[in-house]
Amino acid sequence: MKTVQDHYFNKAKKEGFAARSAYKLQEIDQKHQLLKNGSQVLDLGCYPGSWMQYISKKIGSNGRVVGIDRTELRIALKENMRFIHSDIDDVDPDDPGLFAGFFDVICSDMAPNSTGIKNVDSERSFHLCQMALDIASHKLKKTGSVLLKSFHGSTFDRLVKLMRTDYQQVKIIKPKSSRDESKEVFILGNQKR
Ligand SMILES: C[S@@+](CC[C@H](N)C(=O)[O-])C[C@H]1O[C@@H](n2cnc3c(N)ncnc32)[C@H](O)[C@@H]1O
């Protein structure tokens, strides 16, 4: 498994991505056609920036990607990228100074700092997903998609249930590039109810 991690680490370094996480998004995007030329995208928990780098290339100059993280981003921002330095708990989705218009895709790779206590970590991850879903309920286009990172744990079924109430189609995705031993899993919601 270390070889797989090294493979993606080296590939990211060679291809100029800030982290190997870019390949998880690439895999999901290639399979589920998430991002298009001109897409408007909100990337929650974007530091160190590899998803933003992948998205920026994919959406082109007519698209826009807005990233939010509580850690300051240090990558060079292209013209179609914007960064908001904030904790997700402090974001007001209706603040027109923060976001103008609606998004085609809202993705979240947010992860809480691990305490090592499974239930606590699971609840914290669930809270971050709830925040992302709340923003999506205000700012995602009706035909848009929401992609959330979650963890198999005590809150997983609750999260899937919540997504099924908000979205007509819900898919659970485990990218190959996500380490096998990791409990990380992605949930994709399409078509707001
Ligand atoms: C796995 S990293 C994201 C990696 C990123 N997708 C990339 O490709 O470079 C998870 C991020 O979630 C952010 N995060 C966790 N809790 C947050 C919160 N409450 N508000 C904002 N960002 C948060 C962390 O700061 C961290 O940068």
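User: I've got this predicted model open. How do the residues of the shell around the ligand divide into nonpolar, polar and charged?

Analyst: The shell splits into eight nonpolar, six polar and five charged residues. Keep in mind that the model is predicted.

User: Which residues around the ligand come nearest?

Analyst: There are 19 residues around the ligand, and Gly49, Ser50, Asp69, Ile88 and Asp109 come nearest.

User: And where does the ligand sit?

Analyst: Look at the second largest pocket: that's where you'll find the ligand.

User: Now polar contacts. How do I read those here?

Analyst: Look for pairs of N or O atoms within 3.5 Å. On the side-chain end, Asp87 puts a polar atom 3.1 Å from a nitrogen of the ligand. The backbone joins in too: a polar backbone atom of Pro48 is 3.3 Å from a ligand oxygen, and a backbone N or O of Cys46 lies 3.5 Å from an oxygen atom of the ligand.

User: How much of the ligand does the protein bury?

Analyst: On its own the ligand exposes 600 Å², and the protein buries 88% of that.

User: You mentioned Cys46. How many disulfides does a search of the whole structure find?

Analyst: First the general idea: a disulfide is a covalent bond between the sulfur atoms of two cysteines. In this structure, the search turns up zero. Cys46 is in none, and the nearest cysteine sulfur belongs to Cys107, 9.4 Å away.

User: Why is Cys107 not bonded to Cys46?

Analyst: Because its sulfur is 9.4 Å from the closest cysteine sulfur, the one in Cys46, and that's too far for a bond. The cut-off for a disulfide is 2.5 Å between the sulfurs.

User: Are those two cysteines buried or exposed?

Analyst: Cys46 is buried, with a relative accessible area of 4%. Cys107 is buried as well, at 1%. For reference, buried means under 20%.

Note on methods:
Residues are numbered from 1 along each chain as its sequence is written. This is a predicted model: local features need pLDDT of at least 70, side-chain atom pairs count only at pLDDT 80 or more; totals for chains, interfaces and linings use all residues. Side-chain values use heavy atoms; hydrogens and water are left out. A residue is near a molecule or strand if one of its heavy atoms lies within 4 Å of it. A polar contact is a pair of N or O atoms within 3.5 Å; within protein, one must be able to donate a hydrogen and the other to accept it, and residues adjacent in sequence count only if both atoms are side-chain atoms. Accessible areas come from the Shrake-Rupley method with a 1.4 Å probe; for residues, only the protein chains shown count as cover. On a 1 Å grid over the protein atoms alone, a cavity is a set of points where a 1.4 Å probe fits but cannot get out, and a pocket is an open set with protein on both sides within 12 Å along at least five of seven lines; lining residues have an atom within 4 Å of a point. A molecule sits in a cavity or pocket if more than half of its atoms lie within 2 Å of its grid points. Ala, Val, Leu, Ile, Met, Phe, Trp, Tyr, Cys and Pro count as nonpolar, Asp, Glu, Lys and Arg as charged, and the others, Gly among them, as polar. Buried means under 20% relative accessible area, exposed over 50%, partly exposed in between (1.4 Å probe, protein chains only).
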